[in-house]
Amino acid sequence: MNLIILLLPILAIVLMFRSQKKRQSQMQQMQTALEPGAGVRTIGGLYARVKAVNEETVELEIAPGVVSHFTKSAIAAVMDPADYDAIINGRPAEDEPVDAEDAEIEPAAAEPLSFTKDDAAKGDAKAEAEGGAPASK
């Protein structure tokens, strides 16, 4: 019984060191794989493209023509081009523009929008007459 109590903490410590060493080796491998043109995410959540890789620093283009220097340890992830494009442009790289014929476009309302209280009261009365709920005020 005493042997189990002694071995459990030692086993937990060995497993913790092993996982820490594995994370460090993955981080080292990622930092050596940095190359110009790759999309990256920093530990602060900034998405950028690698412009140049130096011994201890990386030059990141955070906007067109804006280059900033970061330490290699500040890079949290190197992203594949498709994922980077999806995040930066808000769409997957495979998406194609939708043709106007395929898109369902709702016709514009016949009445122009208004932001006055009188028109809002008329709109509430109209919504109640059509069976809808009145707008909140």
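## Strand pairing, a salt bridge and a surface patch

In this predicted model, strands β2 and β3 pair in the antiparallel sense over 4 bridges, and the two form a hairpin with 3 residues between them. Within this pairing, R49 stands opposite E61 of β3. Strand β3 also pairs with strand β4, which covers residues 66-71, again in the antiparallel sense and over 6 bridges; here V58 stands opposite F70 in β4. β3 and β4 likewise form a hairpin, with 2 residues between them, and G65 in that turn has a positive phi of about 85°.

The two hairpins can be set side by side as follows.

| Strand pair | Sense and bridges | Residues between the strands |
|---|---|---|
| β2 and β3 | antiparallel, 4 bridges | 3 residues |
| β3 and β4 | antiparallel, 6 bridges | 2 residues |

The structure holds 1 salt bridge, in which the side chains of K51 and E61 meet at 3.9 Å, taken from N to O. This pair links distant parts of the chain, since K51 lies in strand β2 (residues 47-53) and E61 in strand β3 (residues 57-63), 10 residues apart. E61 is thus a salt-bridge partner of K51 and also the residue that R49 stands opposite. Are the two partners of the salt bridge buried or exposed? K51 counts as partly exposed because its relative accessibility is 43%, and E61 also counts as partly exposed because its relative accessibility is 22%, where the cut-off for buried is under 20%.

R49 also serves as a reference point for M79, a residue found in strand β5 (residues 75-79): the C-alpha atoms of M79 and R49 are separated by 9.9 Å, although the two residues are 30 residues apart along the chain. M79 counts as buried because its relative accessible area is 14%. Which residues does M79 touch, leaving aside those up to four places away in sequence? Its contacts are G39, V40, R41, Y47, Y84 and I87.

Turning to the helix, V14 is placed in α1, which spans residues 2-32. With a relative accessibility of 48%, V14 counts as partly exposed, because exposed residues are those over 50%. V14 forms a nonpolar patch on the surface together with L3, L6, L7 and I10, and the patch has about 480 Å² of accessible area in total.

Notes: Residues are numbered from 1 along each chain as its sequence is written. This is a predicted model: local features need pLDDT of at least 70, side-chain atom pairs count only at pLDDT 80 or more; totals for chains, interfaces and linings use all residues. Side-chain values use heavy atoms; hydrogens and water are left out. Patches are made of residues with over 30% relative accessible area and no salt bridge: like charges are joined within 9 Å, nonpolar side chains (Val, Leu, Ile, Met, Phe, Trp, Tyr) within 5 Å. Accessible areas come from the Shrake-Rupley method with a 1.4 Å probe; for residues, only the protein chains shown count as cover. A salt bridge is a side-chain nitrogen of Lys or Arg within 4 Å of a carboxyl oxygen of Asp or Glu. Buried means under 20% relative accessible area, exposed over 50%, partly exposed in between (1.4 Å probe, protein chains only). Contact means heavy atoms within 4.5 Å. Two strands pair if DSSP finds at least two bridges between them.
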